[in-house]
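Hello,

Here is the structure I promised to pass on. Have a look at it first, and then read my notes below.

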Amino acid sequence: MSDGPDTIAALASGAGRAGVAVIRVSGPAVPAIARALLGRLPSPRRAVVAAFAGADGRALDRGVALYLPAPASFTGEHVLELQGHGSPVLVDRLLARLLELGARLAEPGEFSRRAFLNDKLSLDQAEAIADAIDAGSSAAASAAMRSLEGVFAREIEALRSALIELRVYTEAAIDFPDEDDVDFLGDGEIAGRLADIRRRLAALIDRAREGARLREGLRLVILGAPNVGKSSLLNRLARRDTAIVTEIAGTTRDVLHEQLAIDGLPLTLVDTAGLRETDDPIEAEGVRRARAELAQADRVLLVVDDSRGPGPDDHCLLEEIGDRCPVSVIANKIDLSGAAAGETTLAGREAVRLSATTGDGLDALAAHLRRAAGLAGDSEPDFVARRRHLEALARADAALDRGHDRLVVDAAGELLAEELRVAQTALGEITGAFTSEDLLGAIFSSFCIGK
């Protein structure tokens, strides 16, 4: 991705036919492009109606233009926003005209990257733009907007500031060990401040895990014997007939995937073939694929017939899964067994009794899954988080753990100061204070063009 002083242009609204199309231009050539395209440079931050002229002076389209001079713009550069008619033909003609006037087509995420490089956004705020666009639920969208407003970044920067202050104090204790005959390393000040930072970081990690789970959701693999209602459960949760349901054992032969959200929690449901020994080669392949899905599951929903309970094959499967993946037993068909809906315990595992036919008990399942994802009650995470954020927080936490040992066990101030530096750097990777070009390229390449 180029970060030079060239001028970029892209369609910022959705592709295809629409009432309005928005094209964004950013870079040093914007004033000249505006004069050539509009016949004048509009007053800053004032929307004007204008014709968008071609090279021959004839109007390519007519719409609204908005000029935002640097540095008071999203990217920190001169920006021109053009709102025209949402015809793909007109959009293509206008983009071609902008290229004639010296712009080039923007690459994915290039507007957001320029905003980051010009200190308009922290790196996690830039990522929150993509998270808001990709949000699969209202809760995820709200959390992404809080991240965009800087909630997560402020928390990180507060911890970084505390680490910097502690580094300064620690290094002063190393440089002046006999100042006023005070043992700075052993006076309890450093240990107390380090303990406070560790507590704050642990609390932030818990909240970040909630934010990551809200963003990424859960991958739930539905397993169980034939005819216990696995496909009926999938259809009930998806609210449509995704899977074929019959009384014939082995109806589901392949793996089915469904994306949905329950109470704001994104879910990927994976319906699988009934697990049983079979001579049918097609059904056997379905069973093999069902077992392969276990390696990617965040949680298994083991569906059993409530009138019979978990059978020998279910117990064997639970032994096979062991501690590799959490399991929730779904006792289905309470409309036939007569049992009450709700959470319980079966085969030593958390369980939910419900009816996929009537929908009774689905509220209990939704509450159960939210708790399994670490989302307590009806609360929403304060911000969204990504896997790379969790990894950086984990590195910072590990560095502070080592730093505690260097202080308490070894009384080695130099080694403590180094671990504080490592933790500070790890936190800086989240906001972009310390970030490699390769990481920036990987992050922004996943963005939409025009963002």
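Right after helix 12 comes Gly374, and the phi of Gly374 is positive, near 85°. Please keep in mind that this is a predicted model. Helix 12 itself covers residues 362–372, and its buried residues are Leu362, Ala364, Leu365, Ala366, His368, Leu369 and Arg370.

Now to the sheet. Six strands make up an open sheet with mixed pairing, and their order is 3-4-5-2-1-6. Strand 3 (48–53) and strand 6 (104–105) are at the edges; each has a single partner strand, so one side of each has no neighbour in the sheet. As background, strands of a sheet pair through backbone hydrogen bonds, in either a parallel or an antiparallel way.

Which sense do strand 1 and strand 2 pair in? Strand 1 (residues 8–11) and strand 2 (residues 18–26) are antiparallel, with four bridges between them. To find this pairing on your screen, start from Leu11: its bridge partner in strand 2 is Ile23.

A helix belongs to this picture too. Helix 3 (residues 110–117) lies across strand 1, strand 2 and strand 6, and it runs at about 135° to strand 1.

Finally, a word on the annotation. The unreviewed UniProt entry lists Asn227, Thr246, Ile248 and Thr251 under "binding site". One of them, Asn227, sits in the loop between strand 7 (218–224) and helix 8 (230–238). Is Asn227 buried or exposed? Its relative accessible area is 32%, so Asn227 counts as partly exposed, a class that lies between buried, under 20%, and exposed, over 50%.

Enjoy exploring the model!

Best wishes

Note on methods:
Residues numbered from 1 in each chain as written. Predicted model: local features only at pLDDT ≥ 70, side-chain atom pairs only at ≥ 80, totals over all residues. Heavy atoms only, no water. Pairing = 2+ DSSP bridges. Helix = DSSP H or I, 4+ residues; strand = E, 2+ residues; numbered from the N terminus. Contact = heavy atoms within 4.5 Å. Axes fitted to C-alpha atoms, helices over the stretch in contact; angles between N-to-C directions. Buried < 20%, exposed > 50% of the residue type's maximum accessible area, 1.4 Å probe, protein only. UniProt positions renumbered as here; feature names shortened; annotations may be inferred.
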